[in-house]
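Colleague: Could you take me slowly through one helix, and then through whatever else in the fold you think deserves a close look? I work at the bench, so please spell out the reasoning as you go.

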Amino acid sequence: MKKIKKAMVMAAGVGSRLGVLTKNTPKPLVPVINKPVMDILLEKLKYYGIESVIANTHYLGEQIQKRYIENSPVDIDFHFIYEDELSGTAGGLRKCKDFFEDEEDFLVVSADGLHDADLSRIISSHIESGCIATMAVIGVQHEEVSHYGVVVPSNDYTVSEFQEKPPLEEAKSNCINTGIYVFNRKIFDYIPEGVKYDFAKNVFPALLEAGEKINTYKIYSYWSDIGTVEQYIQSNFDALAKKVMIFNTQVKRNLDARYILGKDVKFDSSVKFFENCVIGDNCEIGSGAQLKNVILWDNVKIAPGVNLENVVAASGAVINSSLKNEIIESERILETASI
């Protein structure tokens, strides 16, 4: 079986649905149980034999470039291109064509996907299929299909058609695209240079129209897109519950909570954690504070006696009053109560 050694990570998106959490942090560097989601992805790519990666960057791209070029936490050969203007999912790949010059087949993945997909099986399925493209799909609850682009597989596991966010009564499948692809380099014949182009809107319909088959591989393991605040929070709680494997993380448990602590967290025994809590590096939690379903990024300060419930606080936030159901941007100082 041929080995795939190179991959592209799609990392240019703004992540606007995450609201204030991406005001100062690019979506690929948003942390899940204290580890940027792109760190998690790169570690898994390396685990599956990927030796060299290229990412397209745009929004706050210099943060991504600096993290993985200078003293990268993940030992993988990293390259990037910076896009002054977004050129679409496929347009971004087209700009990376030279990187794949010597590759017959390669992997393309989204930077914001959190999953336990077996990439080796997806790659094997692609090679065996002989198709120009393979996409990993996953089944979702029928009532959720109207939120996604639906993939309708045929009996030979190739795509018969696509439905973009169909009404429930019109959905022909509950399979959705996970943003995990394997392509043969012939895919570049279907992506024009210098044009804004997307896989879903442009490339895949063009392949079907040209009579090319698109292979599908259905995954049954964990998969989540951290595209919304709700999905982001749930992904953290799923990781605490070990529903998805994240390397080198240590979740603690007591009778009241699952929680994880970053480095150099300051708190005393009077602090109580309940249900699901993620505490980032260098956080300070005052005595008597109680935290329930809370995610704190790095360098967050919580005043003594504060009660937090269903709160996400980005790096550097200072919270001096009790809060419930709040998303707090980085460096914000909260003095007065919201409940």
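Modeller: Happy to! Let's begin with helix α6, residues 229-240, in what is a predicted model. The helix has twelve residues, and at 1.5 Å a residue they should span 16 Å. The C-alpha atoms at its two ends are 17 Å apart, so the expected span and the model agree. As for how α6 is covered, its buried residues are Val229, Tyr232, Ser235, Asn236, Phe237, Asp238, Ala239 and Leu240. Just after the helix comes lysine 242, whose phi is positive, at about 60°.

Another helix worth a visit is α5, residues 199-209, which holds leucine 207. Leucine 207 has a relative accessible area of 0%, so it counts as buried. Who surrounds it? Beyond its neighbours within four places in sequence, leucine 207 is in contact with Ile132, Ala133, Ile187, Tyr190, Glu212 and Ile214. One of these, alanine 133, is 74 residues from leucine 207 along the chain, yet their C-alpha atoms are separated by 9.0 Å.

Alanine 133 also leads us to the strands, as strand β8 covers residues 133-139. β8 runs antiparallel to β11, and six bridges join the two. Among the facing residues, glycine 139 has cysteine 175 of β11 as its bridge partner. β11 itself spans residues 175-184, and nine of its ten residues are buried. Strand β6, residues 105-110, pairs with β11 as well, again in the antiparallel sense, over five bridges. There, leucine 107 stands opposite valine 182 of β11.

Serine 110 also belongs to β6. Its side chain makes a polar contact with the side chain of aspartate 112, at 2.5 Å. Leaving out neighbours within four places in sequence, serine 110 is in contact with Met10, Leu41 and Gly179.

Now for a residue that sits ahead of β11: serine 173, in the loop between β10 (159-164) and β11. Serine 173 has a relative accessibility of 14%, and because buried means under 20%, this loop residue counts as buried. Its contacts beyond four places in sequence are Val145, Val150, Val151, Val152, Pro153 and Gln163. With one of them, valine 151, there is a polar contact: the side chain of serine 173 reaches the backbone oxygen of valine 151 at 2.9 Å. A polar atom of the serine 173 side chain also lies 2.9 Å from the backbone nitrogen of cysteine 175. Glycine 139, the bridge partner of cysteine 175, is 34 residues from serine 173 in sequence, but their C-alpha atoms are 8.4 Å apart.

Since we have reached a cysteine, you may be wondering about disulfides. A disulfide is a covalent bond between the sulfur atoms of two cysteines. Searching the whole structure turns up zero of them. Why does cysteine 175 not form one? Its closest cysteine sulfur is that of cysteine 131, at 16 Å; the cut-off is 2.5 Å, so the pair is too far apart for a bond. Cysteine 175 is also buried, at 6% relative accessibility. Another cysteine, cysteine 96, has a relative accessible area of 1%, so it counts as buried too.

Let's finish with two open sheets. One has six strands in the order β14-β15-β16-β18-β20-β22, with mixed pairing. Its edge strands are β14 (252-253) and β22 (323-328), each of which pairs on one side only. The partner of β14 is strand β15, residues 257-261, and the two pair in the antiparallel sense over two bridges. In that pairing, lysine 252 stands opposite tyrosine 259 of β15.

The other open sheet has four strands, ordered β17-β19-β21-β23, and its pairing is parallel. At its edges stand β17 (284-285) and β23 (333-334); each has a single partner strand, so one side of each has no neighbour in the sheet. Further in, strand β19 (residues 301-302) and strand β21 (residues 318-319) pair in the parallel sense over two bridges. If you would like to find that pairing on screen, look for lysine 301, whose bridge partner in β21 is valine 318.

Methods
Residues numbered from 1 in each chain as written. Predicted model: local features only at pLDDT ≥ 70, side-chain atom pairs only at ≥ 80, totals over all residues. Heavy atoms only, no water. Buried < 20%, exposed > 50% of the residue type's maximum accessible area, 1.4 Å probe, protein only. Pairing = 2+ DSSP bridges. Expected span 1.5 Å × (residues − 1). Contact = heavy atoms within 4.5 Å. Polar contact = N/O pair within 3.5 Å; in protein donor to acceptor, adjacent residues only side chain to side chain.
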